[in-house]
Amino acid sequence: MDSVFAALAHTTRRQMLDIIRDTPGIAVGALAARFDVSRIAVMNHLAVLSAAGLVISRKEGRSRRLFLNAVPIQQIHARWLGTYEAFWADRVLSLKSAAEAAALERKENDDDD
């Protein structure tokens, strides 16, 4: 997971992931054209993203197509947020029940008047 966090720590790499997510199969050249850095810098960023498992590439003729692999991000979500989801879902249900009970009691008191 450290490599995923390290890859996501850089703004340019997050922007690249957004573009790859929104344009599955984008060619490396088309991605590089969207940034005001050298193609070598783009390739270095892509190497970090690939090493973290966030980008999958497929060679197609002379170009390389890029695809987002969201599994590492989902794994982080499951590890760090999954345990809190159940806790907060239970808290929200308790709050809902308390609000409904208070509203019912208020309605019953209003009906008695």
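Let's start with helix α6, which gives the nonpolar patch its largest share, three residues. The patch as a whole is made by Met1, Phe5, Trp80, Leu81, Tyr84, Phe87 and Trp88, and it covers about 760 Å² of the surface. Before I go on, please keep in mind that this is a predicted model.

One member of that patch is worth a quick stop. Phe5 sits in helix α1, and with a relative accessibility of 40% it counts as partly exposed. Now look at another residue of helix α1, which spans residues 2-8: Ala7. Is Ala7 buried or exposed? Ala7 is buried, because its relative accessibility is 0%. Ala7 also has a partner from elsewhere in the chain: 41 residues separate Ala7 from Val48 in the sequence, yet their C-alpha atoms are 6.0 Å apart.

Let's go back to α6 and look at charge. This helix runs over residues 82-112, and Asp110 is part of it. On the surface, Asp110 joins Glu105, Glu108 and Asp112 in a patch of negative charge. Asp110 counts as exposed, because its relative accessibility is 52% and the cut-off for exposed is over 50%.

That brings me to salt bridges. Side chains of opposite charge can pair when their charged atoms come close. How many salt bridges does the structure hold? There are five, and I'll walk you through some of them.

Stay in α6 for one of these. Lys96 and Glu100 form a salt bridge, with 2.7 Å between the closest N and O atoms. Both residues belong to helix α6, and they are four residues apart, about one turn of the helix. Lys96 is partly exposed at 47% relative accessibility, and Glu100 is partly exposed too, at 44%.

Next, please turn to helix α2, residues 11-22. Here Asp18 and Arg21 are three residues apart, so about one helical turn separates them. Their side chains meet in a salt bridge, at 3.4 Å from N to O. Asp18 is partly exposed, with a relative accessibility of 37%, and Arg21 is partly exposed as well, at 44%. There is a bit more to see here: Asp22 joins in, and Asp18, Arg21 and Asp22 are linked in a network of salt bridges.

Now for the strands. In what order do the three strands of the sheet come? The order is β1-β3-β2, in an open sheet with antiparallel pairing. Strands β1 (26-27) and β2 (55-60) are at the edges with a single partner strand each, so each of them has one side without a neighbour in the sheet.

Let's take the two pairings in turn. Strand β3 covers residues 63-68, and two bridges join it to β1, with the two strands running antiparallel. On that side, Ala27 has Arg65 of β3 as its bridge partner. On the other pairing, β2 and β3 are antiparallel over six bridges. There, Glu60 is matched with Ser63 in β3.

How do we get from β2 to β3? The two strands form a hairpin with two residues between them, and Gly61, in the turn, has a positive phi of about 65°. If you have the structure open, Gly61 is a handy place to find the turn of this hairpin.

One more salt bridge ties this part of the story together, and you have met both residues already. Glu60 and Arg65 pair up in a salt bridge whose closest N and O atoms are 3.4 Å apart. So Arg65 appears twice in our tour: it is the bridge partner of Ala27 in the sheet, and its side chain pairs with Glu60. Arg65 is partly exposed, with a relative accessible area of 26%. Glu60 is also partly exposed, at 35%.

To recap, we saw a nonpolar patch with its largest share from α6, and a patch of negative charge that includes Asp110. We also met salt bridges, among them Lys96 with Glu100, and an open sheet ordered β1-β3-β2. Thanks for listening!

Conventions: Residues are numbered from 1 along each chain as its sequence is written. This is a predicted model: local features need pLDDT of at least 70, side-chain atom pairs count only at pLDDT 80 or more; totals for chains, interfaces and linings use all residues. Side-chain values use heavy atoms; hydrogens and water are left out. Patches are made of residues with over 30% relative accessible area and no salt bridge: like charges are joined within 9 Å, nonpolar side chains (Val, Leu, Ile, Met, Phe, Trp, Tyr) within 5 Å. Accessible areas come from the Shrake-Rupley method with a 1.4 Å probe; for residues, only the protein chains shown count as cover. A salt bridge is a side-chain nitrogen of Lys or Arg within 4 Å of a carboxyl oxygen of Asp or Glu. Lys and Arg count as positive and Asp and Glu as negative; His and the chain ends are not counted. The place of a charge is taken as NZ of Lys, CZ of Arg, CG of Asp or CD of Glu. Buried means under 20% relative accessible area, exposed over 50%, partly exposed in between (1.4 Å probe, protein chains only). Two strands pair if DSSP finds at least two bridges between them.
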